[in-house]
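Please load the structure in the viewer and display it with side chains as sticks. The tour proceeds by selection, with a short account of what is found at each stop.

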Amino acid sequence: MINSVLQSQIFVLDQDQALDFYVNKLGFEVAEDIDFGFMRWLTVHPAGQPDRKVLLERPGPPALDEQTAAQVRDLLTKGAMGGWLLFTTDDAQATHDELVARGVEIADGPNRQPYGIDFGVRDPFGNRIRIGQLAELSRPLTAEDFAAQS
């Protein structure tokens, strides 16, 4: 049976800009950066977590035909095609403060939630990133947990 997620994918318009953001701003490490000629395979992962890769893919062949890739790039440019990634941290406030010091634009938070503390950032292409310090829960969360908070 399937037992874990190895790799996720998000679209980016410029892989060099994405590499700069994910490595120099978020502190990720490069897993693979391979130029196949017809495409560049670029993956990064959180520091020390090589089994949690994110593919930073520029829309285009061979995954998408050129017409579809142009539509995806157009939507991405409008901020209507952003992907979504969720990462964890041991200290949401400290991570938030460190990212602010590195010039990362914070979308919201840190916010206390029933599941812990989290905050949001966006990468230069509109992909949404949530970073959370997850609480140890004694039971599964319900809608009532969230309703009680508002």
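Begin by selecting R128, which is located in strand 8, the run of residues 128-134. The model is a predicted one. Colour R128 by accessibility: its relative accessible area is 40%, so this residue is partly exposed, falling between the 20% and 50% limits.

Next, expand the selection to the surroundings of R128. Leaving aside residues up to four places away in sequence, R128 touches G83, W84, L85, V121 and R122. Then add G79 and draw a C-alpha to C-alpha distance to R128: the two are 10.0 Å apart in space and 49 residues apart in sequence.

The second part of the tour concerns aromatic rings. A pair of such rings is described by the distance of the centres and the angle of the planes. How many aromatic pairs does a search of the whole structure find? The search finds five. Select F28 and F87 to inspect one pair: the ring centres are 5.1 Å apart and the planes stand at 90°, so the arrangement is edge-to-face. F28 lies in the loop between helix 1 (15-25) and strand 2 (29-35), while F87 belongs to strand 5 (residues 84-88), so the pair ties together parts that are 59 residues apart in sequence.

Are these two rings' residues buried or exposed? F28 is buried, with a relative accessible area of 8%. F87 also counts as buried, at 15% relative accessibility.

Finally, add F21 and Y22 to the selection; together with F28 and F87 they form one aromatic cluster.

Methods
Residues numbered from 1 in each chain as written. Predicted model: local features only at pLDDT ≥ 70, side-chain atom pairs only at ≥ 80, totals over all residues. Heavy atoms only, no water. Helix = DSSP H or I, 4+ residues; strand = E, 2+ residues; numbered from the N terminus. Buried < 20%, exposed > 50% of the residue type's maximum accessible area, 1.4 Å probe, protein only. Contact = heavy atoms within 4.5 Å. Phe/Tyr/Trp six-rings, centres within 6.5 Å; stacked < 30°, edge-to-face > 60°.
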